[in-house]
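Biologist: I would like a close look at one part of this chain rather than a tour of the whole. Please take one helix, together with whatever packs on it, and walk me through it in a connected way.

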Amino acid sequence: MRRILLGLVACGIATPAFANESAPPPRPLPDAAQVGALLSSPLVQEIIATTVDQYADALLQTHVGPLAKLTDTRDHVRPEDTLGDLAARTHPDYRRDLHNQTRSAVAATSQAARDIASLSAELKHTTERLRAAIALTQAEVSAAR
């Protein structure tokens with residue numbers, strides 16, 4: 001009985017290891033230039049903004065009824081109100097503004113990613129120049145000995 005139990009435990013421990021061996025290797029992450037190019041597309045910006053709209057709509061459909069009785073009567077929060085209703089009262093164009101701000105944020109992220117890619121290439125060149133200077137210094141120190 002112990003051998004069977006021990007065998008089952010061993011199989012249970014080994015199974016995840018075997019499963020990981022059959023898993024495909026992870027894909028390499030895109031570099032900053034690729035991300036910047038992708039996010040600069042107006043179509044991608046629109047898709048991301050629409051996705052954010054969907055998440056916001058799901059959240060803003062939350063009914064605040066249980067909290068309505070706890071608010072100040074001057075706030076005019078009714079039991080049937082949603083978070084979206086409250087947002088629309090203070091900012092009627094919040095949906096359009098959220099969409100436009102999301103598109104702008106994606107465009108800014110695109111530019112930042114391209115800038116990072118450019119800076120990364122420049123830092124690589126700087127590193128190569130510093131390594132050459134260090135090698136030259138090491139050679140001079142060795143020659144002086």
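Modeller: What follows is a close reading of helix α6 and its neighbours in a predicted model.

To place the helix first, the chain has six helices and zero strands, so that from the N terminus on its elements read α-α-α-α-α-α. Of the 145 residues in the chain, 15% count as buried, and among contacts with a separation of 6 or more, 50% come from residues 24 or more positions apart.

Helix α6 covers residues 94-144, which is 51 residues, and because each residue should add 1.5 Å, the expected span is 75 Å; the C-alpha atoms at its ends lie 72 Å apart, in agreement with that expectation. The buried residues of α6 are Tyr94, His99, Thr102, Val106, Ser110, Ala113 and Ala117, and the elements that cover them include α2 (32-39), α3 (42-60) and α5. Two of these partners, α2 and α3, can be followed residue by residue.

Take α2 to begin with. Its axis and that of α6 are 7 Å apart, and the two helices pack at an angle of about 155°. Angles over 145 degrees count as roughly antiparallel, and α2 and α6 are therefore described as roughly antiparallel to each other. The crossing that α2 makes with α6 is left-handed. On the α2 side the contacts come from Ala32, Ala33, Val35, Gly36, Ala37 and Leu39, and on the α6 side they come from Val106, Thr109, Ser110, Ala113, Arg114, Ile116 and Ala117. Val106, Ser110, Ala113 and Ala117, which take part in this meeting, are also among the buried residues of α6.

Leu38 also belongs to α2, but with a relative accessible area of 51% Leu38 is exposed, because the cut-off for that class is over 50%. Its C-alpha atom is 10.0 Å from that of Ala107, although the two residues are 69 apart in sequence. After α2 comes the loop that leads to α3, and Ser41 is found in that loop. Ser41 has a relative accessibility of 24% and so counts as partly exposed, and its C-alpha atom is separated by 8.4 Å from that of Ala107, with their positions 66 residues apart along the chain.

Helix α3 comes next, and its 19 residues should span 27 Å at 1.5 Å a residue, which agrees with the 26 Å between its end C-alpha atoms. Within α3, Val44, Gln45, Ala49, Asp53, Ala56 and Leu60 are buried, and these buried residues pack against α2, α5 and α6. The axes of α3 and α6 are 9 Å apart, at an angle of about 135°, and the pair is therefore oblique. Their crossing is right-handed, whereas α2 passes α6 in a left-handed one.

The residues of α3 that meet α6 include Pro42, Gln45, Ile48, Ala49, Val52, Asp53 and Leu60, while those of α6 that meet α3 include Tyr94, Leu98, His99, Thr102, Val106 and Ala107. Val106 is listed both in this contact with α3 and in the contact with α2. Thr102, a residue of α6, shows the packing at a single position: its relative accessible area is 11%, so Thr102 is buried. Leaving aside residues up to four places away in sequence, Thr102 touches Ile48, Ala49 and Val52, and these three residues appear on the α3 side of the meeting with α6.

Further along, Gln111 also lies in α6, and with a relative accessible area of 36% Gln111 is partly exposed. The side chain of Gln111 joins that of Arg114 through a polar contact of 2.6 Å, and it joins the side chain of Asp115 through another of 2.8 Å. Arg114 is also one of the α6 residues that meet α2. Across the sequence, the C-alpha atom of Gln111 is separated by 10.0 Å from that of Ala32, 79 residues away along the chain, and Ala32 is one of the α2 residues that meet α6.

Key
Residues numbered from 1 in each chain as written. Predicted model: local features only at pLDDT ≥ 70, side-chain atom pairs only at ≥ 80, totals over all residues. Heavy atoms only, no water. Helix = DSSP H or I, 4+ residues; strand = E, 2+ residues; numbered from the N terminus. Expected span 1.5 Å × (residues − 1). Buried < 20%, exposed > 50% of the residue type's maximum accessible area, 1.4 Å probe, protein only. Contact = heavy atoms within 4.5 Å. Axes fitted to C-alpha atoms, helices over the stretch in contact; angles between N-to-C directions. Parallel < 35°, antiparallel > 145°, perpendicular 65-115°, else oblique. Left-handed = near helix turned anticlockwise from the far one by under 90°. Polar contact = N/O pair within 3.5 Å; in protein donor to acceptor, adjacent residues only side chain to side chain.
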